[in-house]
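Please read the following alongside the sequence and the coordinates. The text moves through the structure one part at a time.

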Amino acid sequence: MYDSGKIIAGLLIFVLFVTIPVWYNRGSAGAVPELELPKDATTCVLPAAEIRAEHMKLLNVWRDEVLRDGDRGTFEIDGKQYQKSLMLTCMKCHTSKVRFCDRCHDYTSVNPYCWNCHLAPVE
Amino acid sequence: MFEKALKGNKYYWMWLAFLGFFIAVGVVSYLRQYFFGLSLTGMTRDVSWGIYIAQFTFLVGVAAGGVMLVLPYYIHNFKAFGRITILGEFLAIAALLMCMMFIMADLGQPLRALNVILHPTPHSMLFWDMCVLWGYLILNALCGWVILTAERKQVAPPKWIYFFVYLSIPFAISIHTVTAMLYCGLPGRHFWLSAIIAPRFLASAFAAGPALIVVMALILKRVANFDAGKEAIDKMVTIITYAAITNMFFLGMEFFVGYYSDIPGHKHSLQYLFFGLEHHGHVYNNLVPFMWGFVILFLVGIGLITHPYTRRKNDLWLGIGCASIFIAFWLDKGIGFVLAGFLPTPVHEIVEYYPNINEIFVTAGVWATGFFILTVLYKVALGVEHEVEA
Amino acid sequence: MDTNRRNFLKVAGISTLAGLGGTTIVNRLVAGVDEAHAAAPAGSGVERKTSETIRYGLVIDIKKFHQDPSLGEKAVNACHQIHNVPKFPEKRDEIKWIWMTNFENAFVESPNLYQDEANQTHQLPILCNHCDNPPCVRVCPTKATYRYEDGIVGMDYHRCIGCRFCMAACPYGSRSFNWRDPQAYIENINRDYPARTRGVVEKCNFCVERVQAGLQPACVEAVGDSKALVFGNLKDPHSEIRQILKEKQTIQRNPSLGTIPSVFYIV
């Protein structure tokens with residue numbers, strides 16, 4: 001092999017670079033994010049596992065129904081009526097974006113730009 | 001074939017470095033604008049499109065101008081254009097890429113640009129503009145590359161490419177017609193609400209595009225040992241002459257309609273552009289010098305390219321004449337047309353537009369990128385020509 | 001390169017493209033089946049159905065705004081406050097959903113030589129006309145602006161790419177653009193309504209969130225009993241707004257353009 005020194009050295013550096021996510025934290029996945037759940041509500045709009053996976057999809061469905069179709073119909077949970085709204089429903093129970101939403105989002109390095117417009121509750 | 005662009009003399013590299021400087025400045029300026037918002041331009045609530053869209057409008061025309069080489073050669077068998085159709089096709093690629101860069105620079109939410117594809121809207125002309133721009137870009141890239149490759153291997157181009165070559169001709173007409181349709185269907189913008197906008201766009205495109213190609217060809221004769229041939233240049237000059245005069249005829253008709261009917265909606269934008277518009281005691285005339293510059297440069301250019309001595313015997317003055325026409329139509333379309341459409345505003349106010357320095361640097365950066373791409377592509381094309389001749 | 005390697009690369013390239021393209025197309029088709037159900041009502045304003053029973057409209061009584069100049073400010077402030085409309089220091093960045101202007105600026109097709117004194121000294125409000133045939137909806141390349149069945153022309157800030165084509169198309173100058181981030185410039189934040197981000201176009205939305213909940217628009221509520229602004233259903237022959245339109249002569253802005261506005265002005 002010509003230039004074997006350079007090639008092998010280069011390959012080594014590349015492999016190290018590309019496996020950074022594996023060895024940087026020395027095998028651990030970091031601390032599991034701790035969420036501050038609302039004190040006065042027992043269930044969310046959907047069951048916990050479902051809402052964790054699907055909340056963005058749900059918000060998009062709500063957005064299209066409310067904003068584009070004009071369907072502002074409410075839905076019921078435990079006898080109470082709720083609107084299909086991030087600010088008026090979700091954030092009324094999850095009153096702290098920093099201690100709830102941001103915990104998982106920071107851990108998974110997700111940066112939703114919802115908050116550019118939808119005003120987060122005052123901390 | 002790209003390796004042909006990697007070998008050049010020091011003037012080639014100096015030119016690329018010169019362009020690279022402006023590209024870097026443009027990138028930094030655009031990042032400033034991206035993170036702050038479009039407030040970092042001169043655009044306002046009343047003149048909501050500025051020089052970015054104006055450059056886009058002009059460059060679509062330059063891209064369409066390439067068809068003036070393709071049409072005579074492939075349809076009418078005008079053999080003299082055989083060596084230079086590649087110049088037209090590569091110019092179209094560079095111009096179209098500049099157009100897209102200007103549109104991206106102008107968007108308020110550029111990361112959402114794909115929404116136009118995710119939510120296709122056939123009744124919006126901007127959707128069709130995106131379609132034809134991309135279509136024409138792909139056609140030119142495909143045709144240019146395949147035919148150049150065939151030339152390099154010294155074989156006839158494959159038969160299937162001719163379908164795309166013929167397709168690129170109506171596409172060229174369509175890109176500029178669709179861009180004109182962006183403007184000429186808007187109620188309330190009376191300066192643009194005229195059927196002659198599309199013909200005027202095409203006329204100035206068929207003058208400006210070939211004018212730039214002639215200038216490029218003359219420069220390439222000087223620096224790259226590439227002679228397009230007297231017959232080819234002469235025919236292009238003929239095309240430029242007729243197209244330029246047609247554009248001025250159309251402009252003259254616009255003047256007649258506005259000034260003879262004396263209807264304010266048809267007259268006031270022209271008045272603002274060429275003479276200044278008086279409104280509530282103040283005369284607004286910041287574009288007047290540009291428009292008269294356009295007229296003077298046109299007359300100088302037309303004079304130079306039609307006079308027998310400068311046309312046939314003197315490359316330098318011919319180049320100056322064509323450059324003059326190119327700059328004249330840039331002033332007409334790239335500055336006058338778009339900006340004056342917004343004034344007077346729908347509520348009959350006048351708010352003059354001035355680009356600010358950040359906007360100018362971004363614009364210069366995009367132009368530099370276009371010329372960079374053009375230089376690289378022409379280097380490839382000429383590299384192949386020289387290789388074949390050897 | 002020898003021909004075998006060349007053929008291999010050709011086949012590999014085409015199969016990769018086919019694989020990627022194929023899966024994408026299949027996915028989109030599958031998703032498209034679900035989307036198609038949702039897509040039908042969420043079309044553009046041009047393809048959307050028009051309701052047979054509801055079309056919202058607004059009547060503006062110019063004389064009442066002359067008689068009580070404070071009404072204009074009340075209407076504008078109510079709207080801008082409830083919708084978090086920012087107030088920028090420089091006029092070039094300005095965003096306004098409803099504002100007061102002179103007669104000759106509102107009605108550019110009307111002659112204004114020897115204008116009456118009241119119109120010379122007082123102003124009237126103008127806003128988005130929520131046209132029946134809106135040019136802004138026609139030109140939007142992403143359907144970010146669209147017409148509801150009840151006639152309101154809405155704005156989807158999530159989809160707007162900020163191309164400002166709608167601003168060029170509007171013959172009334174009703175639309176504003178967020179040239180910069182507005183949140184720092186909102187004077188009294190209403191925490192029950194979102195703000196906007198930089199790079200999107202906004203305009204009056206006829207308080208669609210209030211109207212669809214049975215309330216009156218904020219500007220109408222702000223002028224109270226003066227009836228300077230009357231909002232209602234144009235298709236209901238017994239509504240208050242239809243009564244006024246029957247009794248009083250009204251004009252509209254730029255009628256020759258065929259936009260069929262929903263806003264009427266009693267001269």
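Leaving aside neighbours within four places in sequence, B:Y136 is in contact with B:A63, B:A92, B:L96, B:S168, B:F171, B:A172 and B:I175. The model is predicted, and these contacts, like every other value below, are computed from it. B:Y136 belongs to the largest nonpolar core, a set of 197 residues. Together with B:A63, B:C99 and B:I240, B:Y136 is among the residues that have the most contacts inside that core. B:A63 therefore appears twice: as a contact of B:Y136, and as one of the residues with the most contacts in the core. As general background, nonpolar side chains in soluble globular proteins tend to be buried together.

Further along chain B comes helix α10, residues 264–274, which is mostly covered, with eight of its eleven residues buried. The buried residues are B:H266, B:K267, B:H268, B:S269, B:L270, B:Q271, B:Y272 and B:L273. They pack against three helices of chain B, α9 (230–261), α11 (288–306) and α13 (315–341), and also against the strands β1 (277–279) and β2 (282–284). Just after α10(B), B:G276 takes a positive phi of about 90 degrees.

The next topic is how the chains meet. Two pairs of chains are in contact, and of these chains B and C share the most contacts. On the two sides, 42 residues of chain C are in contact with 31 residues of chain B. Four elements of chain C each supply at least two residues of the side that touches chain B: α4 (103–106), α6 (135–139), α7 (165–169) and β6 (176–177). Of these, α7(C) gives the most, with four residues. By residue type, the side of chain C that touches chain B divides into 21 nonpolar, ten polar and eleven charged residues. Chain A and chain B, by contrast, do not touch, and their nearest C-alpha atoms are 12 Å apart.

Chain C itself is divided into domain 1, residues 1–29, and domain 2, residues 56–266. Taken over C-alpha atoms, the centres of the two domains of chain C are separated by 54 Å.

Chain A remains. It has five helices and two strands, and from the N terminus on its elements run α-α-α-β-β-α-α. What radius of gyration does chain A have, set against a compact globule of 123 residues? The value for chain A is 22 Å, whereas such a globule would have one near 14 Å. Along the principal axes, the C-alpha atoms of chain A fill a box of roughly 75 × 35 × 25 Å. Of the 123 residues in this chain, 8% count as buried. Among contacts in chain A between residues at least 6 apart in sequence, 56% join residues at least 24 apart.

A:T74 serves as a local example. It lies in the loop between α3 (48–68) and β1 (75–77) of chain A. Is A:T74 buried or exposed? A:T74 counts as exposed because it has 11 C-beta neighbours inside 10 Å, and the cut-off for exposed is 12 or fewer. Leaving aside neighbours within four places in sequence, A:T74 is in contact with A:Q81, A:Y82 and A:Q83. From C-alpha to C-alpha, A:T74 and A:M1 are 71 Å apart in space, with their positions 73 residues apart in sequence.

Technical notes: Residues are numbered from 1 along each chain as its sequence is written. Chains are lettered from A and ligands numbered from 1 in the order in which they are written. This is a predicted model: local features need pLDDT of at least 70, side-chain atom pairs count only at pLDDT 80 or more; totals for chains, interfaces and linings use all residues. Two residues are in contact if their C-beta atoms, placed from the backbone, lie within 7 Å. Domain bounds come from an automatic or database domain assignment. A nonpolar core is a set of buried Ala, Val, Leu, Ile, Met, Phe, Trp, Tyr and Cys residues joined through C-beta atoms within 7 Å. A residue is buried if 20 or more other C-beta atoms lie within 10 Å of its own, exposed if 12 or fewer, and partly exposed in between; C-beta atoms are placed from the backbone. Ala, Val, Leu, Ile, Met, Phe, Trp, Tyr, Cys and Pro count as nonpolar, Asp, Glu, Lys and Arg as charged, and the others, Gly among them, as polar. The radius of gyration is taken over C-alpha atoms; the globule rule is 2.2 Å times the number of residues to the power 0.38.
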